[in-house]
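Open the model in your viewer and keep the selection panel at hand. This tour goes stop by stop.

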2 protein chains.
Amino acid sequence: MVKSVGIVGLGLIGGSLARRLAERDVEVVAWNHHEKPYAAARRDGIDCVGSLEALAAAKPEVLFLCNPLKVMPEMLQRLAPVLDRETTTLSDVGSVKGMVRRQVEEAGLADCFVGAHPMAGTEFSGFAASDPAIYDDALWAISVDETTDYERFLKVATLITGVVGNRIIVLDDKTHDRAAAMISHAPHVVSTALINELSASPDRNIAAALAAGSWRDMTRVALTDPDRTRAMIEEDADNVEVLLRDLAGRLTSFADDLHAHDDAALTRFFAAGQPFRDYKLREREFGKSQDSGKSEELKESNESVKPKNNDIERIVITVPKSGWQRAFLDSARRGEHVIRFIQPWQVEVETRSKV
Amino acid sequence: MVKSVGIVGLGLIGGSLARRLAERDVEVVAWNHHEKPYAAARRDGIDCVGSLEALAAAKPEVLFLCNPLKVMPEMLQRLAPVLDRETTTLSDVGSVKGMVRRQVEEAGLADCFVGAHPMAGTEFSGFAASDPAIYDDALWAISVDETTDYERFLKVATLITGVVGNRIIVLDDKTHDRAAAMISHAPHVVSTALINELSASPDRNIAAALAAGSWRDMTRVALTDPDRTRAMIEEDADNVEVLLRDLAGRLTSFADDLHAHDDAALTRFFAAGQPFRDYKLREREFGKSQDSGKSEELKESNESVKPKNNDIERIVITVPKSGWQRAFLDSARRGEHVIRFIQPWQVEVETRSKV
């Protein structure tokens with residue numbers, strides 16, 4: 001069990017993680033680029049140090065880089081000569097994984113690195129906005145490659161499923177970043193294209209006057225800081241590019257079908273999203289019945305157990321020593337989330353609903 | 001002043017309009033395709049009759065067709081032989097205007113028709129869900145063409161700005177339907193394309209697991225009944241087709257710029273939507289200060305008046321007898337909403353904020 005954790009950056013994500021760990025009796029040592037949050041952090045039991053070098057010298061078992069992505073290369077370059085790689089496993093909370101790994105490799109720190117990305121946050125930022133509760137029932141993506149050391153992976157993974165109390169899915173960088181492009185980066189471009197379309201129209205005030213809920217929903221994302229949005233998209237450029245071309249193809253093809261009055265094709269277009277509509281419906285039903293109690297039953301070796309309330313399936317999976325990365329990825333693709341390590345090579349996974 | 005109004009269809013929109021008019025001492029006579037809402041409607045002072053023909057025979061000054069669009073041709077065919085065109089001006093509340101006008105023309109009723117579309121509604125339907133308050137501070141699009149009789153236009157327009165107490169913009173069908181494609185119909189296709197993209201991916205469960213607010217906002221629209229969405233899009237097919245091709249072009253062009261690392265082009269893309277971002281910001285500020293009281297000051301002939309709170313500009317516009325349609329359209333394009341007819345050819349307009 002991990003007993004000490006280092007945190008670089010006491011912002012919303014890092015600060016909330018530090019507080020969650022400290023309140024659960026993990027030794028937490030933190031460094032922030034300014035000392036403003038230190039007084040409050042110390043009251044929460046977080047040991048705040050004066051430099052990144054001092055943080056490395058404290059030799060935490062896991063060190064999470066929770067700094068903004070734009071200073072990641074600088075943090076890594078400064079850590080490289082001082083980090084005790086024997087003791088400390090390096091992790092991060094960045095929202096893109098491929099770029100971070102390349103920077104970690106450039107700093108020569110790949111051998112002690114395990115990437116991570118918690119699905120947690122609010123619209124606020126800074127330690128003052130931090131709250132351990134943003135990690136309640138959160139899901140983390142853990143990002144690994146063929147060279148990832150399983151012992152180090154286990155340290156990070158069991159810290160998250162154990163003391164933090166969260167679920168994980170284990171992915172490679174490419175799968176993570178492609179999924180992020182799908183659910184966030186490409187939609188940001190699409191939303192911006194919509195407001196550009198309106199802004200360019202001589203009838204923009206008329207369109208804005210007629211706008212209702214559907215327009216509001218589809219363009220809310222485009223109202224966020226365009227510089228931040230652009231940075232996020234450029235960090236995941238290859239995946240965003242592929243997706244945008246694909247979406248453009250879908251829109252053009254729909255326009256063609258509309259032009260040709262091709263009823264069968266239009267029907268197919270609207271039917272193609274039904275798996276996601278059904279998933280959302282089940283997810284909503286899950287939300288409703290979540291209070292009715294979860295079954296703790298278990299069965300061995302991939303045999304499914306339906307709890308009485310039909311909401312959660314839990315199974316135990318044995319992970320192969322060779323190809324564990326692929327086994328975890330396949331599990332994530334099936335919609336399974338790891339909730340517990342029973343043994344180093346045996347995990348309990350749960351499925352709430354799947355697309 | 002209009003003293004009697006007929007309503008076809010006591011659903012959410014028609015029922016709420018009937019109740020608003022009845023509570024404000026307009027004689028309201030209504031017909032619904034079944035008598036279920038009649039008892040409740042009668043308690044609200046609405047005179048309910050047994051047939052569409054009986055409704056026509058009551059000779060209301062304005063008759064609003066509030067039936068579903070799919071039965072519009074049938075309603076019009078049945079009305080054509082019985083409507084007293086001298087007394088009654090025909091209007092509707094349909095969400096597409098070009099198609100309705102074509103159907104009105106086919107029924108030979110064009111000479112007494114003035115199209116309308118209130119921006120009002122909730123996610124519910126039926127008379128039981130009706131509420132006069134859905135018209136509080138609502139905006140209507142009034143749709144006219146070169147042949148529209150100004151006296152009939154005035155009847156409908158002053159009914160809405162007067163007793164209903166709403167704002168109006170006056171458009172031609174094409175402008176209305178193009179704007180509706182922009183803010184609703186095309187976004188529905190875009191949202192569906194996003195869920196299709198996810199549903200088609202082998203990583204769909206991973207993407208769904210990582211999804212947060214931006215994905216939720218962008219796909220909520222795609223969760224609505226696909227058959228209704230499809231019908232709505234087909235009713236406005238030409239405009240939707242043009243917009244989708246344009247959006248596809250914007251996405252492809254962004255993908256090209258991303259591929260080429262064309263910083264200037266990417267910057268231009270995010271800057272192009274700034275007029276809409278600024279508009280939303282002003283709109284939000286308007287919302288905040290709306291309770292601080294509206295100025296009732298007025299000035300003549302297009303000279304702008306800034307109320308003390310800087311929120312609303314009000315001006316008086318004189319409408320030319322020849323080309324009034326165009327004068328109203330230009331006013332709507334400037335972001336002005338008609339709030340009052342001072343004289344038949346003189347209106348007060350207000351601008352809250354503009355794109």
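**Stop 1: chain A as a whole**

Of the 355 residues of chain A, 47% count as buried. Keep in mind throughout that this is a predicted model. Select chain A and colour by secondary structure: 14 helices and 11 strands appear. The radius of gyration of chain A is 22 Å, close to the 20 Å from the globule rule for 355 residues, so chain A is as compact as a globular protein of that length. Turn the C-alpha trace of chain A along its principal axes; the spans are about 70 × 50 × 40 Å. Now switch on contacts. Among those in chain A with a separation of 6 or more, 66% link residues 24 or more positions apart.

**Stop 2: the domains of chain A**

Colour chain A by domain. The assignment gives domain 1 as 4–171, domain 2 as 177–272 and domain 3 as 296–351. Put a centroid on domain 1 and another on domain 2, using C-alpha atoms: the two centres in chain A are 34 Å apart. How many residues from each side make the contact between domain 1 and domain 2 of chain A? Domain 1 supplies 6 residues and domain 2 supplies 4 residues. On the domain 1 side, the residues that touch domain 2 of chain A are 3 nonpolar, 2 polar and 1 charged.

**Stop 3: A:Pro118**

Select A:Pro118. This residue sits in strand 6 of chain A, residues 115–118. Is A:Pro118 buried or exposed? A:Pro118 has 23 other C-beta atoms within 10 Å, so it is buried; the cut-off for buried is 20 or more. Next, show the contacts of A:Pro118, leaving out neighbours within four places in sequence: A:Ile13, A:Val93, A:Tyr135, A:Ala138 and A:Trp140. Then draw a distance from A:Pro118 to A:Arg167. These residues are 49 apart along the chain, and their C-alpha atoms are separated by 9.6 Å.

**Stop 4: the interface of the two chains**

Bring chain B into view. In chain B, 82 residues are in contact with 82 residues of chain A. Which element of chain B gives the most to this side? Select helix 7 of chain B, residues 173–199: it gives the most, with 20 residues. Colour the side of chain B that touches chain A by class, and you get 50 nonpolar, 16 polar and 16 charged residues.

**Stop 5: the axis**

Superpose chain B on chain A. A turn of 180° with a shift of 0.0 Å along the axis does it, with an RMSD of 0.0 Å. This is why the relation is that of a two-fold axis. The same surface serves both copies, as 100% of the contact residues of chain B recur in chain A. To find the axis, centre on B:Ala248. Of the residues of chain B, B:Ala248 comes closest to the rotation axis, with its C-alpha at 2.1 Å.

**Stop 6: the core across the chains**

Select A:Leu251 and B:Leu251. In the largest nonpolar core, which has 203 residues, these two touch the most other members. In soluble globular proteins, nonpolar side chains tend to be buried together. Keep B:Leu251 and list what it touches, not counting residues up to four places away in sequence. The partners are A:Val189, A:Val190, A:Ala193, A:Leu244, A:Leu247 and A:Ala248.

**Stop 7: A:Arg245**

Move to A:Arg245, in helix 11 of chain A, residues 237–259. A:Arg245 has 16 other C-beta atoms within 10 Å, so it is partly exposed. Beyond four places in sequence, A:Arg245 is in contact with B:Thr252 and B:Ala255. For a long view, draw a line to A:Ala39. The C-alpha atoms of A:Arg245 and A:Ala39 are separated by 50 Å, with their positions 206 residues apart along the chain.

**Stop 8: two histidines**

Most residues other than glycine have a negative phi. Check A:His261: its phi is near 50°, a positive value. A:His261 lies in the loop between helix 11 and helix 12 (263–272) of chain A. With 10 C-beta neighbours inside 10 Å, A:His261 counts as exposed.

Finish on B:His261. Its phi is positive too, about 50°. Find B:His261 in the loop between helix 11 (237–259) and helix 12 (263–271) of chain B. B:His261 counts as exposed, because it has 10 C-beta neighbours inside 10 Å.

Key
Residues numbered from 1 in each chain as written. Chains lettered and ligands numbered in written order. Predicted model: local features only at pLDDT ≥ 70, side-chain atom pairs only at ≥ 80, totals over all residues. Core = buried A, V, L, I, M, F, W, Y, C linked by C-beta atoms within 7 Å. Buried ≥ 20, exposed ≤ 12 C-beta atoms within 10 Å, placed from the backbone. Contact = placed C-beta atoms within 7 Å. Helix = DSSP H or I, 4+ residues; strand = E, 2+ residues; numbered from the N terminus. Nonpolar A, V, L, I, M, F, W, Y, C, P; charged D, E, K, R; others polar. Least-squares fit on C-alpha atoms with pLDDT ≥ 70 in both. Rg over C-alpha atoms; globule rule 2.2 N^0.38 Å. Domains from an automatic or database assignment.
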